[in-house]
Amino acid sequence: MESMARAGVSSSAQLRPCCPRLRRSRNRSIPRHPSSRHGRRAVACSAAGADVVDLFDAAKLTVDRFVKSGMVVGLGSGPASGLAIQYLGTRLRRGSLTGIVGITSSVFSASEADKAGIPVSSYQEGTQIDVAFTDADVIEEGTLAAVIGRRKIESGEPSFMEEKAMAKSADKLAFITGNDKYVKGVEGSIPVLVKSGNWIDTAEEIDDLFLGDAEVWRRPSFGTAGPLGGDHPLVTKEGHHILDVIFTTPIPNLGQVAEGLDKIAGVVDHGIIAGIRSYAVISSKGEVQVLDEESSVIL
């Protein structure tokens, strides 16, 4: 694989992330709930355990390769997206990019864009976006289908629905992540937004669909919880609940999981992005790989 030149960064940017490396379950036991493993994290802290410098290189390459003057750019959420937003703001201040309008998908991306000095507008249905970038919690090798929305954010209000809508509206989409999140056989959680009125029936139907392969837990607003979400379940501003469908065995095909979830009554949305034109910008030990969704080879 061809390696890309690493971006020059200041010594202060060479701090290593404070997050522990996540380990995928190798047995049938139920993993700790995903939200319990993530507290408050700084932008530079990578949940994937990737080196901060490598993530910056991937974020920089994403902007340099895909963003051109005059574009409408979708701004995603997460550590790598935060770095890309910061670098995009730097290029605007230098004048090497002009006429950029950012489309924010979350409180996080709006805050980062404001600090970077990027003119922004919030996402609205039908918004035409030239290119979008966002973090991926995990990317499926070969298909470049991805999962977003595992992270618990400070505001508590999930943003993966807006990020997914933004991604689907973009002519091009770039996922930014570390090499350890590009895998064959995805495991771990997939967030699923469900209507609150009959959420237990919906959860049972999801459980039946993936019987033996996954556990279904309702996400709490804070702390940890079991399947019912404890005394403080997370409720979105629309009044929906979030179920974390936690796969303890490798998923053969993320796209098929998405299709199955889409057919269940009561499911509003989920954190799988599949079947759209996308690229993966992956940092790994001083190299940045850009993968195309058809060939899944470096471009």
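**Figure 1. Exposed surface and overall make-up of the predicted model.** The protein exposes about 13400 Å², of which carbon and sulfur atoms supply 49%. The structure shown here and in the following views is a predicted model. The protein contains 6 helices and 15 strands. Of its 299 residues, 55% are buried. Among contacts between residues at least 6 apart in sequence, 78% join residues at least 24 apart.

**Figure 2. The largest nonpolar core and a second core apart from it.** The largest nonpolar core has 31 residues, and V67, V73, L88, I100 and F133 are those with the most contacts inside it. Two or more residues of this core come from each of the helices α1 (52-66), α2 (79-94) and α3 (107-116). The strands β1 (72-75), β4 (129-135), β7 (170-178), β14 (278-284) and β15 (287-292) likewise give two or more residues each. Apart from this core lies another, of 25 residues, with I190, V194, V216 and I272 among them. In soluble globular proteins, nonpolar side chains tend to be buried together.

**Figure 3. Surroundings of V67 in the largest core.** V67 is one of the residues with the most contacts inside the largest nonpolar core. When residues up to four places away in sequence are not counted, V67 touches T62, V73, L88, L97, I100 and V131. Of these partners, V73, L88 and I100 are also listed among the residues with the most contacts inside the core.

**Figure 4. The buried residue S105 and its contacts.** S105 is found in the loop between β2 (101-104) and α3. Its relative accessibility is 5%, below the 20% limit, and S105 therefore counts as buried. The side chain of S105 reaches the backbone oxygen of L75 at 3.0 Å. Leaving aside residues up to four places away in sequence, S105 touches L75, G76 and S77, and also S159, E162, E163 and M166.

**Figure 5. The loop between β5 and β6, with T143 and L144.** Both T143 and L144 lie in the loop between β5 (138-140) and β6 (146-147). T143 has a relative accessible area of 40% and is therefore partly exposed. L144, in contrast, counts as buried because its relative accessibility is 1%. A polar atom of the T143 side chain lies 3.1 Å from the backbone nitrogen of A145. L144 has a positive phi of about 60° although it is not a glycine. T143 and A274 are 131 residues apart in sequence, yet their C-alpha atoms are 8.0 Å apart in space.

**Figure 6. The open sheet with mixed pairing.** Four strands form an open sheet in the order β8-β5-β6-β13, and their pairing is mixed. The edge strands are β8 (182-183) and β13 (272-273), each of which pairs on one side only. Strands β6 and β13 run antiparallel and are joined by 2 bridges. In β13, I273 is the bridge partner of A146. Strands of a sheet pair through backbone hydrogen bonds, either parallel or antiparallel.

**Figure 7. The open antiparallel sheet and its edges.** A further open sheet of 4 strands has the order β10-β11-β9-β12, with antiparallel pairing. Strands β10 (214-218) and β12 (267-270) stand at the edges; each has a single partner strand, so one side of each is left without a neighbour in the sheet. Neighbouring strands of this sheet are turned by 25° against each other on average, with direction ignored.

**Figure 8. Strand β9, its partner strands and helix α6.** Strand β9 comprises residues 186-194 and is joined to β12 by 3 bridges, the two strands running antiparallel. In β12, D269 is the bridge partner of L193. Helix α6 (residues 254-262) packs on the sheet and touches β9, β11 (241-251) and β12. The direction of α6 makes about 25° with that of β9. Strands β9 and β11 also run antiparallel and are joined by 8 bridges. In β11, V245 is the bridge partner of I190, and I190 is one of the residues of the 25-residue core. Of the 9 residues of β9, 8 are buried, so the strand is largely enclosed by the rest of the structure.

Definitions and conventions
Residues are numbered from 1 along each chain as its sequence is written. This is a predicted model: local features need pLDDT of at least 70, side-chain atom pairs count only at pLDDT 80 or more; totals for chains, interfaces and linings use all residues. Side-chain values use heavy atoms; hydrogens and water are left out. A nonpolar core is a set of buried Ala, Val, Leu, Ile, Met, Phe, Trp, Tyr and Cys residues joined through side-chain atoms within 4.5 Å. Buried means under 20% relative accessible area, exposed over 50%, partly exposed in between (1.4 Å probe, protein chains only). Contact means heavy atoms within 4.5 Å. A polar contact is a pair of N or O atoms within 3.5 Å; within protein, one must be able to donate a hydrogen and the other to accept it, and residues adjacent in sequence count only if both atoms are side-chain atoms. Accessible areas come from the Shrake-Rupley method with a 1.4 Å probe; for residues, only the protein chains shown count as cover. Two strands pair if DSSP finds at least two bridges between them. Axes are lines fitted to C-alpha atoms, for helices over the stretch in contact, and angles run from 0 to 180 degrees between N-to-C directions.
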